[in-house]
Amino acid sequence: MIPEVGHFALILALSLAICQGVLPLLGAYRNDVAMMAVARPAAVGQFVFVAISFICLAWSFLDSDFSVLYVANHSQLALPAIYKISAVWGAHEGSMLLWILLLAAWTVAVSRYSSALPDTFSSRVIGVLGLLSCGFLLFTLLTSNPFERLIPAPPDGADLNPLLQDPGLAIHPPILYAGYVGFAVAFAFAIAAMLSGNLDRAWARWTRPWTTWAWLFLTVGIALGSWWAYYELGWGGWWFWDPVENASFMPWLAGTALIHSLAVTEKRGLFKSWTLLLAISAFSLSLLGTFLVRSGILISVHSFATDPERGMFILGFLGLTIGGALALFAWRAPSLDSSAGFRALSRETFLLLNNVLLVIATTLILIGTLAPLVVEVIDGGKISVGPPWFEIALAIPLLPLVLLIGVGMHTAWRSQAFKPLVAQLKLPAIVAIAAGIIVPTFVYGRFGLLLVIGTTAGFWILLVSLIQPMRSWRRKPGTPAITRGALGMSVAHFGVGMFAIGVSIVSAFNVEADVSLRPGEQVSVGGYEFELRGLRNVDGPNYQAVEGEIEIRKNGEFVAKLRPQKRTYIIQKNPMTEAGILVSWNRDLFVALGDPLGNDAWSVRLQYKPMIRFIWLGAFVMAFGGIIAASDRRYRLYANAKRPLIKTSEAPA
Amino acid sequence: MKPRQQRMLAVGLAAVGVLLATGLTLRAFQENMMFFVEISDVVQGKVPDERNFRVGGVVVDGSVTREPGELEVEFTLTDLENELVVTYDGILPDLFREGQGIIAHGRMGDGGKFIADEVLAKHDENYMPPEVAESLAKHTAAKEATIVADKKEQ
Amino acid sequence: MLRYLSPLLFLAVLIIVFAKGLGPERNLNELPSPFLDKQAPKFDLPGLINPDEQISSSVYAGEVAIVNFWATWCGGCRQEHGFLMELSRKNEIPIYGIDWRDRRVEALNWLSQLGDPYRVSGFDADATTGIDWGVYGAPETFLIGKDGRLLHKHLGPLDRNTWETDFAPLIAAENGAQQ
């Protein structure tokens with residue numbers, strides 16, 4: 001009964017989405033108030049029914065209703081309740097439902113906070129979001145129905161993939177998808193602007209907070225995924241340049257460029273084409289990511305079960321959506337005039353460079369990800385592109401970018417005088433270079449050119465990001481404090497610095513060793529001694545495990561005991577490694593059990609990973625900076641306005 | 001005309017920078033691109049020179065051997081027509097087992113053995129890497145020849 | 001103008017590449033068996049339910065038959081099981097099962113809990129029969145003609161749609177030809 005309710009609710013959601021998609025857009029075109037008024041109620045209605053559908057699926061899991069095929073394939077009676085819930089989005093059909101739910105939620109948020117926008121504009125935005133919802137709902141109902149039945153129902157299910165039975169991974173998809181789907185809002189804003197033929201500074205101001213929120217969800221989502229892979233996959237890696245990972249990184253890069261380009265459009269009315277194209281690209285890359293993951297076209301450790309029929313549907317949807325947007329762009333962009341000028345040394349120049357470098361980085365990743373497919377399609381054989389390529393390809397645009405961020409942040413709009421800029425940045429630059437040389441060489445014991453540049457760049461940003469907040473903190477009473485926008489920028493850039501330092505140090509100084517150990521034997525890695533004290537068997541709720549006890553000492557003094565496990569899950573019978581990790585702000589010690597080697601020996605992986613926490617901490621700080629920036633007063637002012645404000649060229653906030 | 005010269009210098013520097021970057025990128029691409037070679041081709045010696053490549057096949061039952069207590073392991077991969085012995089000095093992935101389709105990166109060593117740098121198995125119990133599946137499908141045809149020959153003898 | 005059209009052109013190229021990437025040559029589910037239209041491989045295995053019994057492919061000589069490779073660890077097998085039961089109830093065509101790379105106890109549990117759609121099942125523990133048949137994933141279903149030729153191979157779970165489209169016409173042709 002419940003699954004049928006869920007299925008029916010989804011169909012109702014589709015019919016509401018059709019109303020939401022078609023009527024407001026038609027209404028905006030014809031200036032028909034009644035049609036446009038359909039937008040908000042339809043959006044709320046669609047959300048309600050999608051939520052009902054989602055709850056029905058969750059209920060089926062909690063109830064262990066194995067007559068639902070999806071539940072039977074991804075759950076079992078002994079699965080802990082929290083994972084029965086996260087199993088809802090653990091595979092293709094359910095995760096599509098999550099995607100649709102989040103899209104509906106964003107749409108409701110837009111309807112709620114858009115009272116200040118002109119009706120034609122908000123109708124168009126909600127309408128476009130409605131059309132997108134239609135596409136995803138159709139896809140789900142036609143090719144990926146989560147409520148399909150399995151008769152006769154098996155007595156127990158096939159269990160959730162043990163890899164997914166983890167709190168980090170439980171929460172990673174919702175946050176990640178919130179980011180992916182959130183870029184649809186910027187996309188819808190862009191389409192609305194192109195349809196109306198109007199793109200001005202007010203438009204940029206409206207779009208910015210939505211984009212920042214989507215961006216920061218994506219940042220946290222990606223960081224969570226990386227952190228999860230690190231401790232759960234058992235091998236100590238934190239990024240693998242896997243196509244699915246790249247599929248999340250590309251929208252992030254485009255989104256970052258978009259946020260910055262929007263700043264220019266808002267402040268100076270420039271870069272309109274760039275901003276439009278970036279807004280289209282960010283969501284297009286999200287769509288592309290969905291396609292790559294669900295169509296089976298690329299091989300990946302993360303991809304869902306493959307089905308070319310689904311792939312064709314998504315490809316069609318992709319072509320229609322992105323093609324339509326780009327066609328609109330080709331039509332409207334040429335008439336978007338930028339009259340204001342700027343000198344060579346100005347914030348506009350730096351942000352232009354920012355756009356260019358980020359787009360280059362995105363393109364290089366796209367090339368690397370798609371190259372195997374292209375080569376195979378033209379019958380050039382089967383190739384794979386290894387991680388070192390991505391690392392080099394990314395370092396080339398991103399290292400200069402990181403250095404430029406520090407300068408651009410302090411450069412005035414329109415024209416900046418050279419001497420004051422140098423005066424401000426001279427000291428941080430010297431300290432950064434010193435730190436960049438001293439830390440690798442003396443703290444970690446090695447000098448390398450790329451390493452030093454990376455570390456210097458990291459310290460550079462850390463230091464210069466402090467300049468504006470410090471100046472505000474020590475300001476004379478009565479002078480204006482730093483705006484939230486500027487504070488958010490400083491905090492986010494500080495996070496970038498943390499990230500850069502983490503990556504540089506851990507890439508250069510991480511030590512990995514696979515060794516054979518018998519109980520009582522020890523080995524030295526990264527300055528620590530690791531001794532295998534013994535092994536024992538343990539039982540978990542739905543698994544059995546061999547647990548090793550590893551004692552860690554430094555210079556003979558006891559540091560900690562770690563208990564890595566090798567688990568075998570009862571139903572799926574897959575072996576799984578649970579690593580033991582000793583965490584500290586400046587280093588991780590990572591231990592994982594391999595296999596029994598005979599003669600009482602086990603293979604053990606031991607790793608020393610300096611500064612690795614800064615990678616994720618840096619990302620979280622970036623996201624926090626985004627929250628601060630998005631909460632700037634000027635956005636709230638306009639969100640809560642009681643009457644619609646007509647677009648004019650507003651005074652800069 | 002100083003501003004004009006300055007601008008030309010800037011453009012020139014930028015062009016050099018772009019060329020350098022492009023060159024570096026292309027070279028990195030070439031070096032990090034790995035070909036997939038079918039086992040039957042490896043056995044005939046058709047392997048890329050001087051660079052790592054990928055092989056894939058099914059792990060032959062009973063072929064996984066190691067000295068007790070040692071990390072180094074040897075196993076045989078098959079594409080159902082030919083076999084290749086692989087040696088690997090490291091921890092095998094969780095889902096590595098006999099009968100599983102796996103992929104290895106590395107190069108040919110002396111004695112016709114493949115020395116693997118990396119061994120990959122996806123985290124799904126019945127996943128078969130597509131390259132391996134295709135290679136198996138191709139080489140199963142050899143079986144047909146054997147069957148026909150057997151029938152003729154009978 | 002080209003400047004503004006170039007993203008659209010880039011998209012068009014990408015879509016073409018993707019469409020080709022999704023094409024049937026790359027679709028593993030449609031990779032043809034090398035035995036297609038030739039004599040199907042044979043098998044000679046201990047029975048699953050009764051290990052002392054020997055089951056061989058001669059049991060369906062002269063009949064149109066289905067040979068289904070399955071395993072308890074395979075989600076798709078669970079998915080198609082209901083349809084196989086339906087087919088066996090209709091009794092139009094005999095279904096022979098080969099339990100592939102599996103454990104006997106679990107396989108027996110599976111059949112007793114979910115039902116046994118097979119006339120008889122062989123137990124291919126070490127997968128050598130699978131290798132003979134070119135099986136590299138489960139489930140795989142083979143349609144054998146009256147003269148022992150392989151008429152069709154399907155990789156992945158069987159469902160009504162696939163049956164009606166791929167199997168039924170071939171079966172009808174086989175039965176029709178003899179009359």
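**A tour of the interface between chains A and B**

Begin by selecting A:Ser384, whose bridge partner in strand S1 of chain B is B:Met34. The model on display is predicted.

Extend the selection to strand S1 of both chains. The strand of chain B covers residues 33–35, and three bridges join it to S1 of chain A, the two strands running antiparallel.

Next, select every residue in contact across the interface. Chain A contributes 42 residues and chain B contributes 30 residues. Between the two chains, about 2900 Å² is buried, with carbon and sulfur atoms giving 60% of that area. On the chain A side, highlight A:Lys382, A:Trp389 and A:Leu597: these residues lose the most area to chain B, and together they account for 22% of what that side buries.

Now turn to the charged and polar pairs. The rule finds one salt bridge across the interface of chain A and chain B. Select A:Lys566 and B:Asp94 to display this salt bridge, in which the closest N and O atoms are 2.8 Å apart. Polar contacts across the interface number 10 residue pairs, both residues of each being at pLDDT 80 or more.

Finally, colour chain A by secondary structure. The elements that give two or more residues to the side touching chain B include helices H13 (347–377) and H14 (387–408), together with strand S1 (383–385). Further along chain A, strands S2 (511–517), S8 (575–578), S10 (587–598) and S11 (601–610) also belong to this group. Colouring by residue class instead shows 21 nonpolar, 14 polar and seven charged residues on the side of chain A that touches chain B.

Methods. Residues numbered from 1 in each chain as written. Chains lettered and ligands numbered in written order. Predicted model: local features only at pLDDT ≥ 70, side-chain atom pairs only at ≥ 80, totals over all residues. Heavy atoms only, no water. Contact = heavy atoms within 4.5 Å. Buried area = accessible area lost by both parts, 1.4 Å probe. Salt bridge = Lys/Arg side-chain N within 4 Å of Asp/Glu carboxyl O. Polar contact = N/O pair within 3.5 Å; in protein donor to acceptor, adjacent residues only side chain to side chain. Helix = DSSP H or I, 4+ residues; strand = E, 2+ residues; numbered from the N terminus. Nonpolar A, V, L, I, M, F, W, Y, C, P; charged D, E, K, R; others polar. Pairing = 2+ DSSP bridges.
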